[in-house]
Structures are given as C-alpha cells and as structure tokens.
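Q: Please take a close look at the surroundings of one bound molecule in this model, and then place that part among the other features of the assembly.

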Amino acid sequence: MGQAIGGQGPIGGAPGFTVPWNEPPRVPLPKHLYVHVPLCRSKCSYCDFFSRADDGAVSHTELVEATLEMLRGWLEPTVRRVPLETLYIGGGTPTVLGDDLVTLVRELTTIMPLAEGAEVTVEANPESVSPELLASLVAAGVTRLSIGVQSLDDETLRLLGRCHDAATALDVVRAALGAGLEVGADLICGVPGLSHDDWLRTLDAIVDAGVQHVSVYPLSIEAGTPMAEAIAEGRLAPPDEDATVAAMDAAAEVLTARGLDRYEVANYAVPGHESRHNTAYWTGWPYLGIGGGAHGMLDGEQARALGLVPPDETGIVRVRYGYAADMFPMRLEKSLSAFETMTAPEALREDAMLGMRMTRGVADELAELAGARGAMESLVADGLVVHEGGRWRPTERGWLFGNEIFARIWGAVE
Amino acid sequence: MTDPTLIRNFSIIAHIDHGKSTLADRVLQLTHTVADRDMQEQMLDSMDIERERGITIKAQAVRVMYDADDGKTYQLNLIDTPGHVDFTYEVSRSLAACEGVILVVDAAQGVEAQTVANAQMAMNAHLEIIPLINKIDLPAADPERVRHEIEEGLAIPADEAVLASGKTGEGVRDALEAVVRLVPHPVGDPEAPLKALIFDSYFDAYRGVVALIRVIDGSVGKGVKVKMMATSTITDVEEVGVRRPANMPVDVLGVGEVGYLITGLKDPALVKVGDTVTLARHGATEQLPGYREAKPMVFTGLFPIDGDQYPDLRDALERLQLNDPALVWDPESSHALGFGFRVGFLGLLHMEVVKERLEREFDLDLLATAPSVEYHAYRMKGDMVVVHSPQDMPDPGHLDRVEEPYLKATVLVPPDYVGAVMELADQRRGTFKDMQYLSATTVELHYEMPLSELIMDFFDQLKSRTKGYASLDYEYIGYRTSQLVKLDILLAGKPVDALSFVVHKDKAYARGKVLTEKLREIIPRQMFEVPIQAAIGAKIISRETVRAMRKDVIAKCYGGDISRKRKLLEKQKAGKKRMKSVGSVDIPQEAFMAILKVDE
Ligand SMILES: Nc1nc2c(ncn2[C@@H]2O[C@H](COP(=O)(O)OP(=O)(O)OP(=O)(O)O)[C@@H](O)[C@H]2O)c(=O)[nH]1
Ligand code: SF4
Ligand SMILES: [Mg+2]
C-alpha cells in the first residue's frame, strides 16, 4: 500500500486520519504531490515544456482555484489523505504568481496537510523572485527553492532567451539562502558559443554562492522551438557533442570536488540535500500530479479505489496518468489525456530502469525480480555498469550512455 | 459461342505512361461494360501497388461488347499491357493471344524507346498495328510531328492514325471502328479437338489456380475433362468464364475467344503459363509454340528480417510465381544475414515490385541486398561457375577469366542531348555502335554495354542528364570477358558478405572510395568507433570511420517524463530492429543498396 514495489523507498506511511469503525477501510492516497503551474514571464528559446507566457490571458486567482479543485477531485470517499512527505510546485514558473503562489501553497497544505519535516519545493526563475515573496513562502511552509539559473554568462542567457541576467540570478540565490531555504540551481551545458572556461566559471560561481544542489542538463534541441528553427535556418550552430560531453564531465569533476555528490544522472547535492521528491520518482513511489499537463502515478490499490480501473483488475499494480496540457479549468475524469496500466513485471522493470538513473543503482534483489540480470551482465561486459556490494551501478561511461542501460533493462523480458 | 467473324482480339501497347490504361477506361465506359458510377481511373490497374505508383505491372484481359457502325455487335477481347521495359515479357505473352494491337503514342512525348520495342514485337508476331496518337487534348500536343515520327521512325503508315484523348474520350469510337475494320477476326477449327493457350494465371485462395486462356481450335466448357499438355495433368473443368473485368461464368468458350478456366488444381507447378490445354481424350497431339522463358537479368538476395519467416518467404515466392512466371530463385545463406533466397528479376523495377508485393500480400519483412548480375567465372582447371552472388566468386588465384552479360541499349533522345548521353555511356563502359535520326526531333543511339553498369542507377542518371527527355530500351546480347574483381567491405574489421560486389578493375578504387564514404553517412554512430574498409583480396583500398557516439542519455526524467521517455526508448528500439546487427554493428537496410547510388 503506497509502498514502492521495488522495495527501495522508505517503508510504510504515517497513519492517516482516524477511520470511523463502521466505514469500509479507505485506501491511503500517495504521500507525494506534484502541482504544475503552466505560466512563465516569457518563453525561453529552447523550451518545449508545457507553459505559456503570463500575458494576463489566464487569471492567477482562477488558476489557483482550478488547481485546488483538481486536488479536491481526488478526495473520493474510498480514499484517505495521508500527510504529505513531499510537495513540489513546478512549472513553468510558479513564482510568476507572486502572492497567489503563497495562497496556493497554504490552501494545498490545508487540503493535504504536511508530515513532520516534509520537503516543500517551489520552482523559481530569477526575474520573478523578491525578498518579500521569499519571506512569505517560508512562512507558508516552503523549505526548498529550485532556481532556473541556467548560466552565469550573460551572452549565453540571451541566446537561451532567458529574461534575467547572471547578476540577478546570483542575488536571488543568495537571498533565498539568506531566507533559510535550501537552494538548488539548474544549469544548462553545451550551449553553442559557450567556452569551456566560461562553463567552469559558471560552475565555480554557483558553488561559491552556497547552493546545496545543482542539476546539469545538456542543451537539447526540441522540435518546434525558436532555437531549433534558428539551427535549421543556419543562424545558429548546433550544439557540439564533444564540447557537451566535456562540459558534463567537467561538471561531475568540479561539483564532486566541491562537496556536491552526484546522486543521479543530472543531479548533484551536498549529502543530505538530495531532492526527496524527485528521488520518489526514481524509486517507484506513487505520487499525485495536478495542474494542466501534470502526470501522476498510483499503485493498483489506489487506482481501483478511485475507480480508474475496475475492482477485479488485480493484475494491475501501477497506473500512470496525465492531464491534458491545455484544459483549464478542468474536471478529473474529463481531462485525463494519458492513461497507462502496468503489470507487476512491467512495474518491476520500470523500477529497475529508473533505479539505474541513480548512483546507488539497483539491488540484486530488484534486478532479479525484474528479470534484468542478463541485461545487467551484458552492460557490465560493455563497461556501462559495475556490480559490487550486491548492487548494480552505472559507471562513468554509463552516465553518458544511460539510454543504452535503460533500453536494455526495459527490453530485458521481451 | 460467338461466331468468330464477330470477334476481335487486340492488345493496347505503348511506352510507359502514354495512356493505355486510361484509354481502356474509356472503352469500358463507351461499351457500358462498367457503369459510370462504378468507374474509377485506370480501372484495370487493380493491384494496390499499381494504383499507388500509377503504372501497370500486370497485363489485364477484359471482354467488351461493341455495337459498331455497321449495325453488328462485336465481342472485343482487349488486353491492357504494361509499358515499363521490365515488363516486356507481359506484353509478349499478351500478343500471342491477339490478332492486332493499338499502338498508343503520346501526342506530346512522341515516339520513345518502348514504342519502338513494342511495335517491333507486334510486327514480328505479324499482328495488325493500329497507330493511335493519344492525349491530343494536351496544350503541348503535336500530332503532326508525332505522325511523322511514327512513319519515319517505325515505318508504320500513319496518315490514318487515330487521333484520340483518353482523358476526354475523343476518338475512342474511331479507334474501336478501326479495330473492327482492320484487325482480322480469329480463325480456327471449331470441329478440331480443343487447343487453348494459357497466356497468364493467378492464384485464388478459394478456387485454386485460375488460368487465362485463348481458344485456338475447338471449345471448352464446364465438366469437360482436359489435359495440360506440358505436365500431362488431367483434370475436370470446374468453370469457364470471361472477365468484364470481374469474372463472369459462361457455358462455353469457343474458337477465338479469350477467358478464364478454373480446374480446382491448387499446385501452381501443374498449370504453366505458355502451356496448351486440350481434351483429355482424343486431344490435340501438337502443343502450341508457347513462350520463350523470360530470362532474369538481375539477382538480389532477399532475407527475412525475422529469421523465423524463412519458410513463409518460400511459400510466398511459390504463390507469387504463378502470377509472375518471370520470377526465379535459389536458397542462399549469408554470414551476415542468415538464410534467404537469391532471386532473379527482369529489372530493378520488377525487383522493387516483387519485394513490395511479398511484404504486402504475404505480410513479410524483408531485407534486399544490392542487385548483381549473373557472372560466368571460368577457372584455371577449365570449368565454369555461374555466379549469382558476389560472395560465390571463386578465389582470384584460381580464376582464368570472368564473363559478364552484355546488352544492346537503345536510347531515344532529342538531338541537343546526344552529347550528354555519350558522356554517360562512356563512363559506364558503353561501346558506341551507331546513331540515326528517327526524325528531326528524335535521335536513336545504340550502345553495347555491360548489364552491371546499367543496373547502377544508369536510368536515373540518363533521365537527369537529359532533363527527362531520354528513353531507354535494352536487350540481352550475350556474355563477354571483362577485367572484373570482387570488392569486399569490412565493418569493424570483419568482412560483411552481403556488402561485397563485383566491379571492373579500373573502377574498383573509385567505387570503393565512394562506397565507404556513403556507408559512413548511412551507418549511424554507435557506442564504439566503426572502421569501414573496402578491400580487394587482402589489400585495403579505402578506409573511413564512423566516429563513436559520445553520449546518449535522457538527462531530464521526472514524474511527467517517465511514460514519454519509456516510449521514446521503445521507438528507438523498434528503429534498431529494422537494422541488421552484424557482429556488434547495427547496419540500416539502405546500406545494402548504397552501391547502387554511388555516382562517381
Ligand atoms: N491530358 C491527358 N492525360 C492523359 C491522357 N491519357 C492518360 N493521361 C494521363 O497520363 C498518365 C498515364 O496514364 P496511364 O493510362 O496510366 O498510362 P499507361 O500507358 O497505362 O501507363 P503504364 O501502364 O504504366 O505504361 C496519367 O496521369 C493519366 O491521367 C489523355 O488523353 N490526356
Ligand atoms: S522558464 Fe522554464 S518553463 Fe518557462 S519558458 Fe523558460 S525554460 Fe520554459
Ligand atoms: Mg497502364
């Protein structure tokens, strides 16, 4: 119940509300909640995430109300709420909502109260963060800010179509730390024109600023974005693969040397500051997702209790759902646009695959259950995986060829 | 049974795209064979692949009843034939069932290479030829010029040529009147024992083999016991009928009539195209001449991508052969590709069509290797080895000489492009024979050249260098000695047999270089560096490298991405499945055809 079937996550959940003796037992909802805010100040040139420019067409208060309504939609009499271990408000750029974001956090945590020591993350972009907002968010229970810094080179920021400069980004990082928040910074490497030295300077400067967490993503050119168009028309050079690999390697080296350990393909943290919310994704814990374009994952029991699958479909152990990307306001049953059920062998393989995104890798036991032992051995033979201390883990080379690892594990059974 | 004097049997022949099938449409309409509401364009092109490509591949026989100006109703058996040079064999078989032809010539394009070739075939068969200048509705139509070309180039009187448009229907009645007036009616002995020619056949899942026949003497009907003379197979006739164009049973087919015959025989080998059908008892003693077997010109390896489909592929080839007597094959095995067949074809289009039909009609996934010709390798010890596949070429140390098939190629082109044609033919080891003006606007050039050069995108090159004006016809003339070597391709140090090819010694270096370059573009980057080498024997003549991929990882994978990214991986995997893994290297299918596209 609510437990990762790969058995990697923390076991069990806090007890929920008291159930009257004469009611049938209610199934506990997930203890992780993701909320999507699909607005940004303006669209960046490389972005294909579901968000739109905050041009006044969508009213903030209506957006907040619709989002809360979606959450209430999950509270069927057959399920019970459990205190949230993690809450993540992502986007888009939730901070463009300003004070309405504070309201959103307060209301969400009224509907779904937080557990003791819960992690509450808000995604932020530098142009829409003020010291006042930071103070209010802290007061509302936010513990962590994930800031889209992307680069500390102004030329690169312009190319990326970001609406802030490097100095602002650093100010916001410092202010957030000053307000008592844990801070993570997102960085993009492999941007055409960015020299290796400038990349190293960005890495150093962000660590100097005191962040506890850094995510590093190679620039990926997505079809239909202005950047893809610029490349197609020859106005911009495509990212150089060698330079990108060098930048990824440098990030691993610099960040690790400075005390931020790599715990996932793209994520580094001072030990103890890893994102608990994201870790739940990679370790098979159910989570609710709400907001346009948001996705969620439920275990079989939750899905049956909510009527998403018939009560006799006991072979289904996992359900992934997604909200349509462009429906506001929406009703749960009307707007689910993606829906996928998984059997135990599939879910186990998925857990094994996602587990290999992480430094700690996958335990023998899970690899065995997932039928992935053969795949793991072939990956060891190709130098992408090591097997030690009863766990399978990616090697340095394995970090760069993750898709090969994931594909072989996912394809293990067919 | 119809009085033979009221029967006319004719084929419609022409260069490709000159409008044969469209003209047949108008005939079907004018004779009310097909109701207007059921009519569709190129009605007789019934295969999907014909409709998609807009060309005729199979000849189609159809019977129509025509009320002529003389007040009588005639039975017309017309056969719409394909125009592409690869399917000339279909034309020659159709002519054997006819007394005349309508020779269609496009009023804008004029006489082209297969106009000449098909007209000659009709003349050799002593058939009445009715020239028809088609598409006169086109703004670029120039009937006078074309009339001239027909007279001068083909030596066929054309002052009474029918002027027509398959599009508007103009002149179609004139054409049928000409057929009635000029094409001789069939002559045969109704009292003699049955003699009928099988000129085509196909397989019907419910009825077995369906033979298309032309009755020469006697008659045939349901319940009669007949004999297939070549195989001495005796069987009962289940049904005879005519095609209108759907099958319509009739009681009897008599002298001169064209129709179908169903016997219930299911074994394709017993009902051969070209065979004579006669009565089981007191039958004819002499067979009709039949057909010369079609000679396959190009050979390619066909391999099921999924090795388990090998038996299915064999069954499919057998079934298809019934409808395509020109198809021949032998089992073949390759280190790289496993078990498959070496299949012989009449040309590249024929090859493409057969591969596509096998995939579609029999639900197979096939990989084709580059086509090659049939070499004759003479060894020192005096014997000769027939080489259909480069990998079978004997060791150079044991070779005395190698002979390759040569063609007489005929190119028709406007005078302005003669230079371009000569340059290309020269690059392709062509020997110029002669050249003549068919008219002021058309020159006919003759070359002798190796077939192996022709199958290397010669036709595409010819078209592109003459802005599409040139047309090409060729016929086989025999084997000649050439300085040939086998070139091997090594990937990651290992030879891939299915990529080997035979090439003239003087061109080996250039071809090897271009091919390795081409393969470098085609083979995707893999986790490891892949060297590509071309070698003659132990000597490496060129080398390229597919650089190793540096990274391949989905860096961002959070809650909403998981399903999507998993699907992406599945898609990548499906893409890989369509490639062939040889050793550790994934090779896309087009790599095996790359040799055809190397233009030096
Ligand atoms: N304008 C015009 N176009 C025509 C006429 N007849 C045929 N076409 C067009 O010419 C093209 C070829 O016509 P088809 O009837 O398929 O030619 P075909 O000779 O049967 O071709 P193959 O069987 O492939 O040799 C088609 O696009 C027709 O629409 C005509 O009289 N006038
Ligand atoms: S801030 Fe983030 S979500 Fe918004 S447009 Fe830029 S990249 Fe996209
Ligand atoms: Mg046609």
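A: Ligand 2 is surrounded by A:Cys40, A:Ser42, A:Lys43, A:Cys44, A:Tyr46, A:Cys47, A:Phe49, A:Ser51, A:Gly92, A:Thr93, A:Asn125 and A:Arg162, where a residue is included if one of its heavy atoms lies within 4 Å of the molecule. This shell divides into 5 nonpolar, 5 polar and 2 charged residues, with Tyr and Cys counted as nonpolar, Lys and Arg as charged, and Gly as polar. The model is predicted, so that local features need pLDDT of at least 70 and side-chain atom pairs count only at pLDDT 80 or more, while totals for chains, interfaces and linings use all residues. Residues are numbered from 1 along each chain as its sequence is written, chains are lettered from A and ligands numbered from 1 in the order in which they are written, and side-chain values use heavy atoms, without hydrogens and water.

Within the shell, A:Cys47 counts as buried because its relative accessibility is 14%, the term meaning under 20% relative accessible area with a 1.4 Å probe and protein chains only. A search of the whole structure finds 0 disulfides over all chains, a disulfide being a pair of cysteine sulfur atoms within 2.5 Å.

Beyond this shell, 37 residues of chain A are in contact with 25 residues of chain B, contact meaning heavy atoms within 4.5 Å. Of the area that chain A buries against chain B, 21% comes from A:Glu241, A:Phe401 and A:Asn403, more than from any other three residues; buried area is the accessible area (1.4 Å probe) that two parts lose on being put together, summed over both. Between them, chain A and chain B bury about 3,000 Å², 56% of it on carbon and sulfur atoms.

Terms used. Buried < 20%, exposed > 50% of the residue type's maximum accessible area, 1.4 Å probe, protein only.
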